[in-house]
Amino acid sequence: MRYLSTTGAHETSLVGALMRGLAPDGRLYVPDHMPKLDAGDIACDGLVDIATTVLEPFFEGSVLAPSLSAINADALNFPIPLRNLPGRDGPLAVLELFHGPTAAFKDVGARFLAAAMQRALPKLEVSDERPLTILVATSGDTGGAVAAAFHGRGGFRVGILFPEGQVSPRQRHQLTCWGGNVRSFEVAGSFDQCQALVKGVFADPSISAQYRLGSANSINIGRLLPQVVYHSAAALWHYREHGVAASFIVPTGNLGNAMACIWARAIGMPIGRIVLATNANRPIPDYLATGDWQPRPSVQTLASAMDVGNPSNMERLRHLHPDFGELRDAVAAIPVDDHEIRAQIAADYRRFGDIWCPHTATGFRAYDRLPVALRRESPWIVTATAHPAKFETIVEPEIEKEVEMPPALADLMSLPSHAEPLHADIAALGSALEMWDN
Ligand SMILES: *Cc1c(COP(=O)(O)O)cnc(C)c1O
């Protein structure tokens with residue numbers, strides 16, 4: 001399998017795509033063809049075994065092919081349960097993606113990328129003794145997941161940049177509790193300034209020559225592929241239990257998680273409809289309604305990890321379905337506003353005792369807004385993207401009680417925290433990197 005930029009102008013190996021992240025033309029990598037699997041031929045049932053079966057074609061011909069099952073065992077070391085939700089209008093289940101070290105689905109992609117990169121380093125053609133310094137700008141979830149995934153892995157260092165005063169206390173702790181090969185920089189500025197700093201350092205010839213810099217962005221193909229795995233596993237488990245393909249509802253911001261669900265269906269997994277639940281950032285629903293692609297500045301919502309005004313993975317979706325009519329048949333989208341998010345969190349707790357994070361609540365709101373006939377006609381799976389305890393300041397007032405932290409999150413909260421203050425300028429980040437050397 002080779003990987004192409006969505007323009008088709010650049011081609012590289014799996015390792016090339018993993019290490020680069022973005023293609024030289026600034027576009028995203030996609031596989032050069034969609035492999036086709038026959039779901040009926042897949043006999044295994046465990047997550048790691050399904051991962052190895054589903055990803056084998058994507059690793060074909062790669063130097064990493066012999067390491068695929070080790071990468072899966074390393075990355076997928078926590079449960080991803082599919083839980084039936086009885087008592088609804090029709091058959092409904094939730095795919096819980098929040099049992100990893102930082103309690104959100106991004107743990108899966110970040111751990112897989114780290115496990116794959118670690119095994120790729122010794123196989124690179126140009127050998128370099130310096131550690132790979134991964135820089136991430138984060139407004140919340142991503143930084144913690146990347147730090148957790150690379151923490152303690154030889155050959156890597158992680159620098160996290162986050163905006164001072166703009167992350168919740170629990171998020172801040174999760175970004176600053178690592179130590180070892182992870183450093184946290186608390187930037188006197190906005191998230192956009194953090195992102196500009198990282199880009200600036202990559203673009204600065206003297207700084208970037210001095211270090212071996214890398215990134216672990218959510219658009220990296222190494223984060224998409226493991227997300228194909230859990231959608232495939234859930235589809236297979238569901239099909240085996242019920243004998244009918246489930247439809248999926250995926251809370252969506254940058255379209256990474258949902259894109260992986262679309263790829264899972266494209267490779268032959270038993271998946272019916274795919275509905276994207278967005279927050280008040282509506283470029284995707286508006287595009288599907290009008291055919292007019294209008295990215296715009298993001299607006300802040302309660303489902304903050306989905307506050308994306310220009311979803312990067314749209315270019316992958318349009319690459320898979322260049323024809324708009326076909327694309328509109330492939331996915332639907334339902335926008336959910338903050339008022340509905342709050343109401344859904346309160347209502348699902350009162351009706352069923354279920355507690356959702358604000359992102360997951362958009363998915364269940366979208367489910368409730370489907371026509372009743374559609375809910376009865378086909379079984380549905382909603383993906384739960386984060387644990388509600390990460391967003392306790394939003395969730396607790398709605399359910400009027402405390403949300404218990406999962407053990408992994410509670411462990412992190414008990415670690416000491418340390419952040420280095422940083423001015424929002426490139427020279428300051430340059431000298432912080434220099435200090436790190438000594
Ligand atoms: C990142 C994130 C999302 C959005 O996922 P995309 O892949 O960007 O669409 C949804 N929920 C949570 C909790 C997230 O961290």
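The following paragraphs describe helices, nonpolar cores, a ligand site and several individual residues of a predicted model.

Helix α9, which runs through residues 221-242, contains 22 residues and reaches 32 Å from its first C-alpha to its last, close to the 32 Å expected at 1.5 Å a residue. This helix is mostly covered, since 18 of its 22 residues are buried. At the start of α9, the backbone nitrogen of Gly222 has a side-chain oxygen of Asn220 within 2.8 Å, while just after the helix Gly243 adopts a positive phi of about 70°. Tyr239 also belongs to α9, and with a relative accessibility of 40% Tyr239 counts as partly exposed, because buried residues are those under 20% and exposed residues those over 50%. When neighbours within four places in sequence are left aside, Tyr239 is in contact with Val244, Ala245 and Pro270. The C-alpha atoms of Tyr239 and Ile271 are separated by 8.9 Å, although these two residues stand 32 residues apart along the chain.

In soluble globular proteins, nonpolar side chains tend to be buried together. In the present model, the largest nonpolar core comprises 97 residues, and those with the most contacts inside this core are Tyr3, Leu55, Phe59, Ile134, Phe150 and Met269. Helix α9 supplies the largest share of this core, namely eleven residues. A second core, separate from the largest one, has 36 residues and includes Trp356, Ala361, Ala366 and Leu370. The surroundings of Leu55 illustrate how parts of the chain that are distant in numbering are brought into contact: with neighbours within four places in sequence left aside, Leu55 is in contact with Leu68, Asn72, Phe112, Leu225 and Val229.

The ligand is surrounded by 14 residues, of which the closest are Lys106, Asp141, Gly253, Asn254 and Thr385. Polar side-chain atoms of two of these residues lie at short listed distances from oxygen of the ligand, the separation being 2.5 Å for an atom of Lys106 and 2.7 Å for an atom of Asp141. Leu255 contributes through its backbone, with an N or O atom placed 2.9 Å from an oxygen atom of the ligand. The protein covers 96% of the 380 Å² of accessible area that the ligand has on its own.

Helix α14 spans residues 338-352, and its end C-alpha atoms are 21 Å apart, which agrees with the 21 Å that its 15 residues should span at 1.5 Å a residue. The N-terminal end of α14 is capped by Asp337, a side-chain oxygen of which lies 3.1 Å from the backbone nitrogen of His339. Within the helix, Glu340, Ile341, Gln344, Ile345, Ala346, Ala347 and Asp348 are buried, and the elements that cover the buried residues of α14 include β12 (332-335), α15 (358-369) and α17 (392-399). After α14 comes Gly353, whose phi is positive and near 80°.

Positive phi values also appear in residues other than glycine. Ala103 has a phi near 65° and is placed in the loop between β5 (92-96) and α4 (106-120); with a relative accessible area of 2%, Ala103 is buried, because this value falls under the 20% limit. Glu400, which is likewise not a glycine, has a positive phi of about 55° and is located in the loop between α17 and α18 (407-413). The relative accessible area of Glu400 is 72%, so this residue is exposed.

Two further residues can be described by their setting. Thr278 is part of strand β11, which covers residues 271-278, and is buried, with a relative accessible area of 2%. Apart from neighbours within four places in sequence, the residues in contact with Thr278 are Thr252, Pro285, Met306, Ile334, Pro335, Val336 and Thr362. Pro322, by contrast, occupies the loop between α12 (314-320) and α13 (324-330) and is exposed, because its relative accessible area of 69% is over the 50% limit. Pro322 and Ala120 are 202 residues apart in sequence, and the distance between their C-alpha atoms is 33 Å.

Note on methods:
Residues are numbered from 1 along each chain as its sequence is written. Side-chain values use heavy atoms; hydrogens and water are left out. Helices (H or I, at least four residues) and strands (E, at least two) are DSSP runs, numbered from the N terminus. Buried means under 20% relative accessible area, exposed over 50%, partly exposed in between (1.4 Å probe, protein chains only). Contact means heavy atoms within 4.5 Å. The expected span of a helix is 1.5 Å times one less than its number of residues. A polar contact is a pair of N or O atoms within 3.5 Å; within protein, one must be able to donate a hydrogen and the other to accept it, and residues adjacent in sequence count only if both atoms are side-chain atoms. A nonpolar core is a set of buried Ala, Val, Leu, Ile, Met, Phe, Trp, Tyr and Cys residues joined through side-chain atoms within 4.5 Å. A residue is near a molecule or strand if one of its heavy atoms lies within 4 Å of it. Accessible areas come from the Shrake-Rupley method with a 1.4 Å probe; for residues, only the protein chains shown count as cover.
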